Amino acid sequence: MMVPADELVGAVAFSSMIVRPGDTAVAIGVGDLPVLANSLIINAMQSAAIASIAEHLENGETTVETSIALEFHGGIAIGGELRTSANCTEVNGREITFICEAYEGERLVASAVIKRTAVERVSFLARTAAQSIKSSTTS
């Protein structure tokens, strides 16, 4: 089981990246503008959220995303630097809530509330494999 909630709340981490041509919406095929693909902004926020609590999880534990409420406020061009932060704001049982922000310089480009649930890694993978086998035999 994870550490007590009061040890998780307030945990913060950051991630950053420089936008390359292959990171753009047009390169990934999710738009026709040469700006950072929104999916990579989400990935950077998730990375920061995971990093913020990684040292607080027990051996064999990890977290999986369960929901995201997201707003995009602008794009980032090739060569721009994306900086994201994640702050753990609430723990409810095994569900962990993060407030995340993404910036280019001082400009807010995205904000999100991300919820992740702590799971035991091996059990989660076993359940996932069993569900996949069941799905493939019923199709």
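1. S67 stands opposite K115 in β5. The two residues belong to a longer pairing: strand β2 (residues 61-72) runs antiparallel to strand β5 (residues 107-120), and 11 bridges join the two strands. The model discussed here is a predicted one, and residue numbers count from 1 along the chain as its sequence is written.

2. K115 also takes part in a side-chain pairing. Its side chain meets that of E95 in a salt bridge, with an N to O distance of 3.8 Å. This pair links distant parts of the chain, since K115 is in strand β5 and E95 in strand β4, 20 residues apart. K115 counts as partly exposed, at 26% relative accessibility. E95 is likewise partly exposed, with a relative accessible area of 27%. With a cut-off of 4 Å between the side-chain nitrogen and the carboxyl oxygen, the 3.8 Å of K115 and E95 qualifies.

3. On its other pairing, β5 meets strand β4 (residues 95-104). These strands pair in the antiparallel sense over 10 bridges. β5 is thus a partner of β2 and of β4.

4. The turn between β4 and β5 deserves a look. The hairpin has 2 residues between the strands, and G105 takes a positive phi near 60° there. Beside the turn, E104 has R107 in β5 as its bridge partner. The side chains of E104 and R107 also form a salt bridge, with the closest N and O atoms 2.5 Å apart. E104 is partly exposed, at a relative accessible area of 24%, and R107 counts as partly exposed at 36% relative accessibility. As a general point, side chains of opposite charge can pair when their charged atoms come close.

5. How many salt bridges does a search of the whole structure find? The search finds 4. One of them joins R94 and E61, with the closest N and O atoms 2.7 Å apart. R94 lies in the loop between β3 (81-92) and β4, and E61 in strand β2, so the pair ties together parts that are 33 residues apart in sequence. The two partners fall in separate exposure classes: R94 counts as partly exposed at 27% relative accessibility, whereas E61 counts as buried at 8%. The value for E61 lies under the 20% limit for a buried residue.

6. The cysteines can be dealt with briefly. A search of the whole structure finds 0 disulfides. For C88, the nearest cysteine sulfur is that of C100, 10 Å away, and C88 is in no disulfide. C100 is in no disulfide either, and its nearest cysteine sulfur is that of C88, at 10 Å. Why is no disulfide assigned to C88 and C100? Their sulfurs are 10 Å apart, and a disulfide needs the two sulfur atoms within 2.5 Å. Both side chains are in buried residues: C88 has 1% relative accessibility and C100 has 0%.

7. Turning to the helices, A44 is found in helix α3 (residues 38-53). Is A44 buried or exposed? A44 counts as buried, at 11% relative accessibility. Leaving aside neighbours within four places in sequence, A44 is in contact with S15, L82 and T84. Along the chain A44 and A86 are 42 residues apart, yet their C-alpha atoms are separated by 9.5 Å.

8. G22 provides a contrast in exposure. G22 is placed in the loop between β1 (12-18) and α2 (25-28), and it is exposed, with a relative accessible area of 52%. That value is just past the limit, because exposed means over 50%. Apart from neighbours within four places in sequence, G22 is in contact with A27 and I28. G22 and A37 are 15 residues apart in sequence and 9.4 Å apart in space, C-alpha to C-alpha.

9. On confidence, the chain averages a pLDDT of 94, and 98% of the residues score at least 70. Where is confidence lowest, and where is it highest? Helix α1 (residues 5-8) is lowest, at a mean of 85, and β4 is highest, at 98. As a general caution, predicted coordinates should not be read in detail where pLDDT is low.

Note on methods
Predicted model: local features only at pLDDT ≥ 70, side-chain atom pairs only at ≥ 80, totals over all residues. Heavy atoms only, no water. Helix = DSSP H or I, 4+ residues; strand = E, 2+ residues; numbered from the N terminus. Buried < 20%, exposed > 50% of the residue type's maximum accessible area, 1.4 Å probe, protein only. Contact = heavy atoms within 4.5 Å. Pairing = 2+ DSSP bridges. pLDDT = per-residue confidence, 0-100.
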